Amino acid sequence: MAVERTKEKWPGRVFTVSIGATAGEGGTRGRVVTIGGHTALPFVSPDDPPANRPVIAMIVRDDKPRDWPETLARPLADVLGSPVEWAQKCVEEYGAEVVCLSLASTHPDRQDASPDQAAKTVRAVLDAVPVPLMVVGCGHHDKDNEVWPRITDAARGERCLMGIACQENYRTLVAACMADGHSLIAEAPIDINIQKQLNILVTEMGLPPERIVLHPGNASLGYGLEYEYSIMERIRLAGLQGDRMLAQPMLAILGEEVWKAKEARLPASQQPAWGDETYRGPAWEAATGMGFLVAGADLLAVLHPEAVLALRRAIDAAVTG
Amino acid sequence: MYVIGERINGMFRSVARAIRERNADAIADLARRQVEAGAHVLDLNTGPTGEDPAGIMTWLVSVVQDAVDVPLCIDSPRPAVVAAGLKACRRPAIINSTTGAREKLDALLPLAAEHGAGIIALTIDERGIPRNAEARAEIALAILAATMEAGIPPERLYLDPIVLPVNAAQAQCKEALAAIGAFRHLCDPPPHIIVGLSNVSQGAPNRSLINRTYLAMCLAVGLDTAILDPLDEELMAVLRAANMLLDKEIYAEGLLG
């Protein structure tokens, strides 16, 4: 007997968010990346018109990272410390669709780089690569509030994705994004109620709901993946059920969160049973990313080039079925 | 829950005047305000009018669907007016309403089938208003059978247990609540269950208090659609709180402010 495939029908739809603006739209990007727009759960409804496929952003830091394991540092060794060259390598060599620029150097406990320096870096990276840009501050609230207005201004019209706003610190970034035409990352670590509340607060300030990307927290395989997975899944379900304050595309930042895990870092010389770390490390980052894709992530920020390749293959396979 | 906004009804004096003067701006404004306040569907009722009710319904449909992009609920006791309204709708509408009386079903079910429309069915029949929940459920079952026979699936049927004014038929308020519970078990998936909420407070003082209290009670037993006044802010606040308490909407502080 033929089995009839059930087709899902949901009343809601995930908002579509575009990152980057071409010359015709007031920016200088070579292309625009669009995420979201889903009318069903990820990868389960080949009957539905395909929504936008998940996108991989490659992380670029504006400072020289410390304490990276050799496996992670090796492929990027020639560009570490130069965000422009790092971004160019990601785009030209590894085909990054988006660059995720981390302004780690602005943190007062690191180099305490000035807002002007940060703005220069953002502009230089924009001028060096044609892909859309996302920019994340250092996470220090007071410093982020000094830096954000300068970098949104330096990237005016480029429709970047700027972050990261949280419940304790969102007003300055919302105002700066509204003034300079950017979209915003809204973060609530593993808390769907605060995620929704933050969206209500941000949209009440006047930023449209289709200019927000949700970041439900940081996690890695073995270190909280399942918590973030279940929150992302609930967010997607609520959005599909028609909750406009949870119907935004979602971001998962892999990178250093994953590479903190000993399972990704430790060399085989210290843990022979775990096998070759040059395979294991990128696999750990890719496996974490695959988990988030299945949970509904639309945008992954990734560090290791091998993990990027693995995730791209996985997305191709999942999209084509 | 689906909210059907009740305000575009010729029974309201200001609406009757807007209809008389063909004041499209006033009608469009009322449509937009209801949708902004949270209405998912808008009810259109020409009210008692001597001249060309079908023409007026067609005009209302065209004005409202130019102003807002939501489905409409065509509200008239006359099948010819309903037919005119359905014909003018760009997207599937809801018919308001049939009863369990054979004559009504015969007139309106073919229209619902032809236009792919939903249909609201009051659980009364030739014998009048039922006395209790059991009698309502009996009529509901007959309506369900008739709609399915006409090719209308349960998800396009909106069963109404008949809400009567608390000041006139006090005991009937809890009978309607019991009927809502019973309707949920008629079939799987169940039909929609709807009330005309404002009926409960007809003729009483402090209508908003009665309306919102009864809404919360109805939601708790399974109501999923209501015709109500979305411009009543306190009522809509109760709806949001009830949705969270019933785990139908994700909690957020900002919804309770």
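A:Val319 is partly exposed, because its relative accessibility is 39%. That value falls between the 20% that bounds buried residues and the 50% above which a residue counts as exposed. The model is a predicted one. A:Val319 sits in helix α11 of chain A, which covers residues 305–320. On the surface, A:Val319 joins A:Phe43 and A:Val294 in a nonpolar patch. Together the three residues offer about 210 Å² of accessible area.

Now turn from the surface to helix α2 of chain A, residues 83–92. Its buried residues are A:Pro83, A:Trp86, A:Ala87, A:Lys89, A:Cys90 and A:Val91. What do they pack against? Their partners are three elements of chain A: β3 (55–61), β4 (98–102) and α3 (115–128).

A:Trp86 deserves a second look. Its relative accessibility is 0%, so A:Trp86 counts as buried. This residue also takes part in an aromatic pair, and a search of the whole structure finds one such pair over all chains. The partner is A:Trp68. A pair of aromatic rings is described by the distance of the centres and the angle of the planes. Here the ring centres are 5.9 Å apart and the planes stand at 85 degrees, so the arrangement is edge-to-face. The cut-off for that label is an angle over 60 degrees. The pair links distant parts of the chain. A:Trp68 belongs to the loop between β3 and α1 (70–73) of chain A, while A:Trp86 is in helix α2, 18 residues apart. Is A:Trp68 buried or exposed? A:Trp68 is buried, because its relative accessibility is 14%.

Charged side chains come next. The structure holds 28 salt bridges over all chains. One of them joins A:Arg29 and A:Glu158, with N to O at 3.1 Å. A:Arg29 lies in the loop between β1 (16–19) and β2 (33–36) of chain A, and A:Glu158 in the loop between α4 (141–154) and β6 (161–166), so the bridge ties together parts that are 129 residues apart in sequence. Both residues are buried.

Another bridge in chain A pairs A:Asp153 with A:Arg156. Their closest N and O atoms are 3.0 Å apart. A:Asp153 is partly exposed, because its relative accessible area is 32%.

Chain B supplies a further case. B:Arg127 and B:Glu138 form a salt bridge, the closest N and O atoms being 3.6 Å apart. B:Arg127 lies in the loop between β5 (118–122) and α6 (133–149) of chain B, and B:Glu138 in helix α6, so this bridge connects parts that are eleven residues apart in sequence. At 63% relative accessibility, B:Arg127 counts as exposed. Back in chain A, salt bridges that share partners join A:Arg29, A:Arg123, A:Asp127 and A:Glu158 into one network.

The cysteines remain. How many disulfides does a search of the whole structure find? Over all chains, the search finds zero. Two cysteines of chain B show why. The sulfur of B:Cys89 has its closest cysteine sulfur in B:Cys73, 9.7 Å away, which is too far for a bond. For B:Cys218, the closest cysteine sulfur is in B:Cys173, at 9.0 Å, again too far for a bond. A disulfide needs the two sulfur atoms within 2.5 Å. B:Cys89 counts as buried because its relative accessibility is 13%. B:Cys218 is buried too, because its relative accessibility is 0%.

Technical notes:
Residues numbered from 1 in each chain as written. Chains lettered and ligands numbered in written order. Predicted model: local features only at pLDDT ≥ 70, side-chain atom pairs only at ≥ 80, totals over all residues. Heavy atoms only, no water. Buried < 20%, exposed > 50% of the residue type's maximum accessible area, 1.4 Å probe, protein only. Helix = DSSP H or I, 4+ residues; strand = E, 2+ residues; numbered from the N terminus. Contact = heavy atoms within 4.5 Å. Patch = residues over 30% accessible without salt bridge, like charges linked within 9 Å, V, L, I, M, F, W, Y side chains within 5 Å. Areas by Shrake-Rupley, 256 points an atom, 1.4 Å probe, with all protein chains shown as cover. Salt bridge = Lys/Arg side-chain N within 4 Å of Asp/Glu carboxyl O. Phe/Tyr/Trp six-rings, centres within 6.5 Å; stacked < 30°, edge-to-face > 60°.
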